[in-house]
Each structure stands twice: as structure tokens, then as C-alpha cells.
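Student: I have this model open on my screen and would like a close look at one part of it. Could you pick a part, go through its pairing and burial in detail, and then place it beside a few other sites?

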Amino acid sequence: MLDEETIVALATPIGSSAISVIRLSGKTSISTVENIFLPIKPGKKLENQSTHTIHLGYLMEEDKNLLDQVLISIFKSPFSYTGENMIEISCHGSYYIQQRILQLLIRKGIRLARPGEFTFRAFLNKKVDLSQAEAIADLILSENKAYHEISLQQIKGKLSNTIKNLRKKLLDFASLLELELDFSEDNVIFVNRSDLFSFLQELEKTLKDLIESFSLGNAIKKGVYVVIIGEPNVGKSTFFNQVIEEDRSIISHIEGTTRDCVGGEIILNGILFHFFDTAGIRKSIDPIEMMGVEKTMNKIEESQVILYIFDSSEIKKQKKIISDIQKIKKKYPLKAIFAIANKSDLSHSHDFDNIKSKVSYFFEISAKNRHEVKKVLDVLNHLFIEKLKEKKIVVTQSRHYEALKLSLREVLLAYDALKKGLSEDLVSIYIKEALRYLGEITGEVTSEDILENIFSKFCIGK
């Protein structure tokens, strides 16, 4: 699968800038650049220089005309990103210069790299495994501190090392079970059944923890979706405007002012939050308002957090508020629900103990007061920071999530077969399937289609 051709690509964005970086990888990368490089120090040969060294000089075209003054960085195999000989040319950031250098290298027999081909070569040369390669793509796309930190952890191998260790232990048991099958006529026992039971239980717990972490990882990766709901005219839009510190939602005493979902983003302590102000939930014959309520229900489905706001002065509606909250909890048991009694500045303090008992997070505020709104945001932010602290490893890739679920299914089948005293042959099949799914995460077991799908999403030059 490894292409022997030397490849080249612009590693920095296309366009004018102070500098640009053009990178090459392959056997002939150093020798090709050697032929077009005029060093400041006469007689210096790039081929004779040590890896991880930088050299100043000029690039020359075929007619010996100088093209640009550049810095040449040398990375020799196997001590490079791809594991091959690599060159990085730091040139001036003119679009004209970038293209002239690329065209010159292509004329010298270098091929333009495909998207993700540098990282693909790093994977094939065992410089990174598949989960680390995906983490590199995540790091490039990271737009907030939390996502950045998770991506760095995975590049360092936190997830892949865990998977590899589990896979090694599982492989040991699978090998011993295969030996038992080979010596079945002699009734030789190689696997301690108690040890296998314990390990499968340990593996089940680890897999469930990783699977559970995906909802958090996906939220951090894409941003946490927070939907603001409640009846009309309870202050949802006022609260929303205070959150994003901008008058984006129309505020009026007239019920049903918000007909559509209005969105806004903020970053709190490195975590991205998407807030959505929604249409008030009530029965209506107005077709436009009904469409708004339908959009509200869709946003509730997409969200990780629901902020249920009600008017604190309408004490008679407590039964309905409790009923609403209970319905939401029943339908969305995994979502965090904040109950917010708004308009505290217009009403006397009331007994909200019945409502408080139904939710984990309760606030009595005036949405007109930025300081009081900030208290809600602080708790919201703290909730996700604590969740991140609790999880030693956070899964962010849908592909990993699916593979983990399939692996867990096979582990549970193996455990059940062992418990029922079914044949070792069947137990061995389940364990081998679990091994296969775990191997797909790190790339120890994979297909060309999966590889192509993953690396085609990378930018050119990475």
C-alpha cells in the first residue's frame, strides 16, 4: 500500500503571508532539493547534513535564476513525521513564489500529495496508529480549549494505549483457548476460567466507560447545545440576550414574539456552548407559531442541556411546571435540566421546594440582571468541566464509538456463553470478533475503504 513516489504539498494556507511552508516526503526529497538549492555557505551538501537541521540559501530554477531565499529543514528517515526522508522549505509567502516552487518540484519528478497523504504515510510507517492520526485531524480543527486538550491526549496515545493493552490481554486468552481446541481430545485446560470471567467483567466496565464518554466528547468537539424553553413571555429572550451579550432576540410583552429558533455561541473556560432561544411552548392555532413550537421540540432533541424558564410570579402554575419537568425528564433522562424561576425582581419570594426536588439545578433570578444570569452560566460550565475531569479518556470519533459498541456486544456474548458452559469454540469466536472491532480503532485491523475514508478528510499537506 505504501507509495514509493516522493510527494510535495503546501503545508500552510494558500494566499499571501509572511512565510509559507512547502513539505516533501519520500526517498528522493533531499536529493531533489539538493539539485535546486544554492547554500549561503559554499560547498554545503544537504545529503551530508544531520537530521533536524536548518539551512539558509536560495532556490534556483533550471536556468540558474534565483527564485527565492529560503530555509531548508531536513528530517531524515526514520526520524521524521512520515518516517521517510522529509524536507520542509520555508519560503516567502507570496502566492506567486509558492506556485513557482511547486511547479519547479513537479518538473523535477515530484508528485503533488493527496489529502492526508503525509499522515497516511506516517500511519503505514507505524509512526502513529489510526486513532492518533484521527486525533491529528481533530487537533487541526479544534476551536476551543477543551477540544484541543482532548485531541492532544489522544495524539499522545491515551486512547490507543488503553485499547492496545486490553487487546493484548484478550489476545492472550484467545490464543490459549485456541490451544485448548487443538488439544480438545486430551482434555487439556490452558485457560483459568475464573481469570477469564474476571477479565471479561473488567473489559465490559472499561468499554462501557469509553462508550459513555462519547456523548461528552461529541459535545465538546461540536460544542455543547443548550436549548432555552418555557411558555411564552417568561423571559427566555431576555435571558438569551444576556448570555450572548447582544440584543439578538426581540423582547416584547406580547406572547409568541419568538417564532423561530435564534442561536448564539459563547466560550466559557475553553468550552464552546451553542445557545438557542426558542418559541414559547403552548397550544396554538397560529400555523407560524405552531412551526416555531415544532422547531423547539427538534432543538430539545439535539441539545445536551435544557434550560426550563418559568415566571416566578405565577405561583398557581407550579403543578403544570412540575408536570412539564417530569415529562422532559422521562423523555430525556440523560439530558441535564436546569429549572430557572425568572422575574424575581417583580415577585415576592415563593416556596419552590416541590420544583427543586424534581431537578438537580434550580435558580431564582431576574434575567435583566447580568450578574444573576452569570451564576447560571458558571454552574453550567462547571458541570462540563467536572465531567471532563471525571473521564480519564474521552472518545470523540463516531467510528470509535461504533467499534466499541460492537466489541462490547461480543464481550457480553462471550461472557454469557462461558457462564452457560457453552463450547470453548463459541467463546473463542466471540472473543476474536471483539478483538477485531478493537483492532479497527487503532488500525491493527482495518480495510482500505476505512483508511481512504479517514485520510480523504484531511487537508492537503498534512
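Tutor: Happy to: what follows starts with a sheet and then moves on to a few buried sites.

This is a predicted model, in which local features need pLDDT of at least 70, side-chain atom pairs count only at pLDDT 80 or more, and totals for chains, interfaces and linings use all residues. Residues are numbered from 1 along each chain as its sequence is written, and side-chain values use heavy atoms, without hydrogens or water.

The part to look at is an open sheet of seven strands with mixed pairing, and its strands run in the order 3-4-5-6-2-1-7. (Strands are DSSP E runs of at least two residues, helices H or I runs of at least four, numbered from the N terminus; strands pair if DSSP finds at least two bridges.) Reading that order from end to end takes you from strand 3 to strand 7. Strand 3, residues 37–39, and strand 7, residues 111–112, stand at the edges. Each of them has a single partner strand, so one side of each is left without a neighbour in the sheet.

Start at the strand 3 edge. Strand 3 pairs with strand 4, residues 53–60, in the antiparallel sense over three bridges. If you want a residue pair to click on here, F37 has L59 of strand 4 as its bridge partner. On its way across the sheet, strand 4 also pairs with strand 5, residues 66–75, again antiparallel, over eight bridges. In this pairing M60 stands opposite L66 of strand 5. Strands 4 and 5 form a hairpin, with five residues between them. One of the turn residues, K64, has a positive phi of about 75 degrees.

Now go to the other edge. There strand 7 pairs with strand 1, residues 7–10, in the parallel sense over two bridges. A residue pair to pick out is I7 and R111, with R111 of strand 7 as the bridge partner of I7. So the "mixed" label is easy to see on screen, because strand 1 and strand 7 are parallel while strand 3 and strand 4 are antiparallel by the bridge rule above.

From strand 1 there is a natural step to Q98, a residue of helix 2, residues 95–107. Not counting residues up to four places away in sequence, Q98 touches L10, P13, I14, G15, S20, I22 and G93 (contact is heavy atoms within 4.5 Å). L10, one of these, belongs to strand 1, which covers residues 7–10. The side chain of Q98 also reaches the backbone oxygen of G15 at 2.8 Å (a polar contact is an N or O pair within 3.5 Å, one able to donate a hydrogen and the other to accept it; sequence neighbours count only side chain to side chain). Q98 is buried, with a relative accessible area of 0% (buried is under 20%, exposed over 50%, partly exposed in between, with a 1.4 Å probe and protein chains only).

Further along the chain from strand 7 comes helix 3, residues 117–124. Seven of its eight residues are buried, so helix 3 is largely enclosed by the rest of the structure. The buried residues are E117, F118, T119, F120, R121, A122 and F123, and you will notice the charged names E117 and R121 in that list. Just after helix 3, K126 takes a positive phi of about 60 degrees.

For a last stop, try Y332, in the loop between helix 10, residues 318–331, and strand 12, residues 336–342. Despite its place in a loop, Y332 is buried, with a relative accessible area of 9%. Leaving aside neighbours within four places in sequence, Y332 is in contact with M297, I300, E301 and I306. Take I300 from that group: I300 and Y332 are 32 residues apart in sequence, and their C-alpha atoms are 9.0 Å apart in space. E301 adds a polar link, since its side chain and that of Y332 are joined by a polar contact of 3.2 Å.
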